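Work through the exercises below with the sequence and the model open side by side. Try each task before reading its solution.

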Amino acid sequence: MKQEMKYNAAYDPQFFAEVYDNHPQAIVWMPPIHRQGDGAIVDFAYVYANEEGLRYLNLEREQLDGLTLENSPTLTNELRSSILAEMVNVLQEGHKSETTVYNAALGKWARVLRTRLRGGVLTIVQDITRERNIIRQLEQQKALLEEQAVRLGEQKALLDNILHHSSNGISVSRVLRNDSGEVVDALTVMANDAAVKYSGLPRELYLSKKATELDPGIIGSPYYKSCVQTLESGEPFVMQYHLEPVKRWLELTVSRLDADHLIHIFTDVTPIKEAQLQLERTVQELQRSNMHLQEFAYAASHDLKEPLRKIRTFGERLKASLSDRLTEDEGGLFGRIESAADRMQQLVDDLLEFSHVSNQPRQEEAVDLNEAVKKVLADLEVPIEEKRAQIGLTPLPTVQGNRRQMEQLFHNLLSNALKYSKPDVPPCIAITTRKVSAGEAPAEPPLAEGVYHLVEVSDNGIGFEPQYAGRIFEMFQRLHGKAEYAGTGIGLAIARKVVENHQGLIWAEGEPGVGAAFKVMLPADVAEPRNAG
């Protein structure tokens with residue numbers, strides 16, 4: 001059975017309105033409700049609330065009528081009990097209370113001051129939800145910062161170890177600008193031990209001198225220009241730079257730290273750079289030497305043709321005029337002179353051809369290999385008929401290159417197959433082709449990635465030992481004596497030079513008594529160079 005509740009307190013609406021209605025803090029005055037019989041305080045009634053109080057409680061003024069702690073929707077049961085006890089204590093003892101509470105029903109934090117007034121309890125509420133949220137965020141940030149500080153401490157220790165033990169020089173420079181904002185100098189503000197070592201200067205001097213004082217020639221250098229560009233664009237760069245004061249070559253990677261600072265990571269590459277420069281000088285000297293040798297070979301071969309022609313002509317005349325008086329031995333000597341002159345003529349012609357292939361600029365055009373081989377077969381008609389050779393030919397592709405050199409390539413390969421045929425066995429020579437990738441070539445030397453025409457010239461001749469596969473392409477290299485097989489040992493060297501001129505590759509495979517196969521890869525669609533490693 002519900003008991004009747006009542007409260008006795010001096011509620012003066014005009015007093016409360018005058019004093020509290022315009023107060024910026026939430027204010028609520030609540031008289032006690034006594035239980036009939038023993039007079040115990042069992043509840044408090046919401047009699048007055050200023051505008052800020054109503055806002056804080058999310059209530060309209062009409063809702064205050066009959067509203068008590070017991071039936072208030074703005075309190076949880078747990079908070080209702082603690083507030084009742086606190087308010088009873090304030091009313092009976094006359095002590096002020098100040099607490100900070102979280103009201104889950106409102107989702108708000110508040111600092112609450114309670115005091116006895118006119119037989120009831122005046123509650124002043126300061127909404128500190130925003131402050132508490134900020135404090136909570138700050139506490140979270142503090143915890144995060146503390147965690148980050150620990151990690152940063154670990155990272156700093158790790159970075160210090162890296163800087164201390166790194167074999168690379170690591171430094172940070174701050175650029176100096178003029179009144180127009182242009183970079184005019186720089187100062188090193190941090191450097192590890194390796195950087196100081198590479199500079200060749202004491203640390204105090206290295207960190208106190210401007211860049212122009214350490215290296216007067218740095219302004220206007222490619223390194224200086226690249227640093228300015230990195231400051232503007234943020235794009236790092238790698239460069240080798242000769243530090244003139246200490247005569248060292250440094251390889252530097254430079255990146256932007258911010259608008260006025262650059263990070264330099266560098267290492268001393270002086271021995272490597274000096275070796276590279278020496279190698280470049282050696283290569284240039286070799287190129288000049290090769291050019292002079294080629295010019296000499298061409299000139300010597302060309303100049304030998306005329307005296308050689310005279311030797312042959314005068315020899316023939318002398319032999320003809322003495323023909324009725326020559327003994328058999330003397331006739332043999334004239335034959336040997338003619339044979340030597342013929343070999344000399346062939347050598348001169350081959351040297352001229354090799355020099356021509358080495359020096360001639362590539363005249364790019366579409367070369368139909370079918371037409372090139374047809375012309376070569378016409379030129380070799382006599383030895384083909386004499387040896388009763390059989391030539392098998394599949395349709396060949398069209399490539400970009402030098403027509404004359406392509407004809408020379410197949411002339412040398414087919415001549416080689418005819419020359420090294422087996423005695424009394426008709427040569428069988430096959431020319432085939434197919435498309436392949438760069439990966440089907442031997443590993444060395446590397447070819448550019450892409451599609452290639454693999455043209456193979458194979459025969460059933462005497463063959464050769466596999467260990468001689470590379471040697472046969474060298475100048476003047478012969479696997480057989482001159483008495484067995486005529487020639488100068490230049491033909492296959494010319495073939496290799498032609499293929500190299502066309503960014504291709506040639507190699508040979510053979511087996512003694514079985515035959516040989518010469519394989520030529522010529523570009524069909526060349527892309528990027530293949531990695532040789």
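The exercises go from the whole chain to one sheet, then to the cores and one helix. The model is predicted.

**Exercise 1.** State how many helices and strands the protein chain has, and what percentage of its residues count as buried.

Solution. Start with the secondary structure: the protein chain holds 14 helices and 20 strands. Next take burial: 36% of the 533 residues count as buried, the cut-off being under 20% relative accessible area. Then turn to the surface, where the protein chain exposes about 31000 Å². Carbon and sulfur atoms supply 53% of that area. Last, consider contacts between residues at least 6 apart in sequence: 61% of them join residues at least 24 apart.

**Exercise 2.** Give the strand order of the open sheet of five strands, and say whether its pairing is parallel or antiparallel.

Solution. Reading across the sheet gives 10-9-13-12-11, and the pairing is antiparallel. Strand 10 (183–191) and strand 11 (237–243) each pair on one side only, which makes them the edge strands. From one strand to the next, the twist averages 35°. Now look at one pair: strand 11 and strand 12 (residues 248–258) are joined over seven bridges. Within strand 12, Leu-252 is the bridge partner of Met-239. Finally, find what packs on the sheet: helix 8 (residues 222–233) touches strand 9 (169–177), strand 10, strand 11, strand 12 and strand 13 (261–268). The direction of helix 8 makes about 20° with that of strand 12.

**Exercise 3.** Find which helix gives the largest share of the largest nonpolar core.

Solution. First, the size: the largest nonpolar core has 36 residues. Those with the most contacts inside this core are Leu-369, Met-406, Leu-409, Phe-410, Leu-413 and Phe-518. Second, the contributors: among the elements that each supply at least two residues are helix 11 (369–379), helix 13 (403–419), strand 18 (448–458) and strand 20 (515–529). Helix 13 gives the largest share, seven residues. Third, take Phe-410 and leave aside its neighbours within four places in sequence: Phe-410 is in contact with Leu-369, Val-373, Val-376, Val-455 and Val-457. Apart from this core lies another of 26 residues, including Leu-54, Leu-67, Leu-69 and Val-125.

**Exercise 4.** List the buried residues of helix 14 (residues 491–501), then give the phi of Gln-503.

Solution. Going along helix 14, the buried residues are Leu-492, Ala-493, Ile-494, Ala-495, Val-498, Val-499 and Asn-501. Helix 14 also supplies at least two residues of the largest nonpolar core. Just after helix 14, Gln-503 has a positive phi of about 55°.

Terms used
Residues numbered from 1 in each chain as written. Predicted model: local features only at pLDDT ≥ 70, side-chain atom pairs only at ≥ 80, totals over all residues. Heavy atoms only, no water. Pairing = 2+ DSSP bridges. Helix = DSSP H or I, 4+ residues; strand = E, 2+ residues; numbered from the N terminus. Axes fitted to C-alpha atoms, helices over the stretch in contact; angles between N-to-C directions. Contact = heavy atoms within 4.5 Å. Buried < 20%, exposed > 50% of the residue type's maximum accessible area, 1.4 Å probe, protein only. Areas by Shrake-Rupley, 256 points an atom, 1.4 Å probe, with all protein chains shown as cover. Core = buried A, V, L, I, M, F, W, Y, C linked by side-chain atoms within 4.5 Å.
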